[in-house]
Amino acid sequence: MKKALYSLAIATIALCAISCASAEKMAKDAENVKVLCTPEFLTLKGGKVETDVTVTCPKNYFNPKAIVEVTPVIVYDGGEEAMETLCFQGEKVKNNYRTVAKAGGVVNQHLCFAYKEGMAKSHLELRGRCTVNNGKTWVTLPTKKVAEGCNITETLAGRGFYSAKESGYKAIITRQSEGQVMYKINSSEVRNSELKNQSIKDFLAAIKELAENDREELSSIDVVAYASPDGKEEFNNKLSDNRSRTADKAFKKIAKKTELEDVEKNVKSVGEDWEGFKQLVYNSNIEDKDLILRVLSMYDDSRLREAEIRNMSSVFEDLAKDVLPQLRRARFIANIDYRNYSDAELLELVANNIDVLDETALLKAAELANGKDNKKAILDKAVEKYNSKTALYNLAVLALDCGKCGNVEDAENYLANCDAADADVINLKGVCQMRKGNLDEAEKTFKSLEGDENATKNLGLVELLRGNYSAAMTKCGNKGVDAGVAHLLAMDLAGAIDAVKDCDCPKAHYLRAIALNRFGKVTEAKAALEQATNGCKCLAKRAETDVEFANLK
C-alpha cells in the first residue's frame, strides 16, 4: 500500500513538473508572439480610450491544454486603469473561452477603457498568466508593452457654443425735443399766435440749453405736417402737402438768428394721420374707444375706416370735438445726439464713482475691464443695484470660462436667478449639463430650443463627445474651435483649418497645428504650434506629450 501511494505521489509530481514545464515554455516563447496595435497609439473617442489589438500566435506556441488570461492595462501619470481580463483556451480545453489552435492563429481584440486625466502620457501593456492543468498552477507571462501615448485631441472640444449678452450700451443716444403749430380745419395757414404758443417757447428754450451741454449736439430738424383723417383722402393729402410748405416757412421765422438756421432740415408731408388718431383714441376716455380701435384694425382702406366711424354718430361727435383738432398740425422735431461716456471715462468712473453708472453702463464697463476678477466685481454691482438679469447671465458665462473646465456649480447658481424662459439661459444650462458629463440631459435641454443656432451647434458637440464625429461636424457648423475639432476628428482637415482661420486664441493655433501636421506641412505646423504654446502654458505642457506632434520632437 505504501509503495502504491509513493508511486502515485511520484506520478503526480512528475505530471505537475510536465505541466509547469509546458506553461514555462509558453512564457519563454512569448517573445515569438507578435502584437500589433492599430493605430500605434491609444485614441480617446467619445470619452473612452480605444484601440484595436491584433495578436499573432506562431505554430506550436499555444498548448492544447492551456488557458491564458490577459489583462490589458493602461499605465499613466497618476495610476493605472485595467480592463476586464480576457481569457483564451487551447483546443483540448472544454471551457467557453476563445480558442487558439496549436497550429497558430490570429486574435483580434477591441480594447476600451474609461478615460482618466493624465492618459495623454501613458502606455498600454498586456499582462498575462497561463496554466496547462486547469488552474492548479499558474505561470506569469512576460508583460508586453504594445502602445505608447494616447491621442486626446477630442478634449480640445467641449467649451460649448454660447456667448455673453451684449450690454445695450450706446455711444450716441438720440433724443428728441419738439414743438408744434396747429391749423384750423381745412386750412394750411399758420397763424402768428401759433408761433408764440407754449409748445414753441419750450422748443426754443430746449435748443438754447444745448449750447450749455458739451455732451449734446443738434444733428437735424424734421418738419412734419399732417391732416386729420376726416373728409376725402385726396383732399387731405393735398392739404397736408400745403401745410408742410407753410410749416417750413414758419420754421424759418422762428429759426432766424438761432443755431437752428444752419442745421440740416427734412420737410415731410404725412397725409392723413391715422397713427396719431389711434394713439389719441387709445389714451382717451371715449366710451366706445375699444370699438373704434377694432374698426381701425379691421380695415386698411381709409375710406372704409372713416365711413364705419362716422356711422357711430354719437361717438363721432366726441371725436370731432376732442381728437380730430389735435391732428391738424405740423411738428418741429429736433433730433439731439447725446455723447455717452467713452470707454476710458467708463473705466475711470468704475474706479472713482461707480454709483453714477446705470445698468447698461455697468454692463459695458464689465466688457471693457481687464481680468475676470474686475469683470465679476462690476457685474456684481449691476446685480446689487439693478437686479440685472443680464449681469447674472454674464456672471454665469464668466464662471464657465474660468480655469480649464469652469466653475459649473457657480454658473448654475447664477442661472437659477435668471429668466427661465430666456433661450440663452436655457442653452447655458445645457452647457452646464454637458460639462458635468450628463450628455442625455444636455441633449434634452438643447432639443427644447428648436431652431436656436447655439443649441443646434451644442447638439453637434454632444455627438462629438459621444464619438459620433460625422454627425458632430454636420451640426457644429463651420466656425470656432469646437467646430474645428469636429471637422478635424471627422478627418476634414481643410474644414478644421477654415473653421479657426478668424480665431487668434492659443487653442485655435493649436488646432491649426494639428491639422497642418496631419497634412504633412511640418514647417507651418511648427509655426502654429509655437504661436499656441507661447500664448498658453497649459497648451505648452500638453504639447510635450501630445502624440499629434510626436514627429516634431
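A disulfide is here a pair of cysteine sulfur atoms within 2.5 Å, and a search of the whole structure for such pairs finds 0. The structure is a predicted model, in which local features need pLDDT of at least 70 and side-chain atom pairs count only at pLDDT 80 or more, while totals for chains, interfaces and linings use all residues. Residues are numbered from 1 along each chain as its sequence is written, and side-chain values use heavy atoms, with hydrogens and water left out.

Two cysteines illustrate the absence of disulfides. The sulfur of Cys112 has its closest cysteine sulfur in Cys150, at 11 Å, which is too far for a bond. Cys538 is likewise in no disulfide, the nearest cysteine sulfur being that of Cys536, 4.8 Å away. In terms of relative accessible area (buried under 20%, exposed over 50%, partly exposed in between, with a 1.4 Å probe and protein chains only), Cys112 is partly exposed at 32%, whereas Cys538 is exposed at 62%.

Helices and strands are DSSP runs numbered from the N terminus (helices H or I, at least four residues; strands E, at least two). In helix α6, which spans residues 302-311, the residues Ser302, Arg305, Glu306 and Ile309 are buried. Because these buried residues fall within an arc of 90° when seen down the axis of α6, they line one face of the helix; the arc is that of the directions from the helix axis to the C-beta atoms. On the other side of α6, Arg303 and Asn311 are exposed. An α-helix has 3.6 residues a turn, so residues three or four places apart point the same way.

Two charged residues in strands were also examined. Glu81, placed in strand β4 (residues 79-82), is buried at 18% relative accessibility, and its side chain is joined to that of Lys116 by a polar contact of 2.9 Å, a polar contact being a pair of N or O atoms within 3.5 Å, where within protein one must be able to donate a hydrogen and the other to accept it, and where residues adjacent in sequence count only if both atoms are side-chain atoms. Lys145, by contrast, lies in strand β9 (residues 139-148) and is exposed, with a relative accessible area of 53%. The C-alpha atom of Lys145 is separated by 8.9 Å from that of Arg127, 18 residues apart along the chain.
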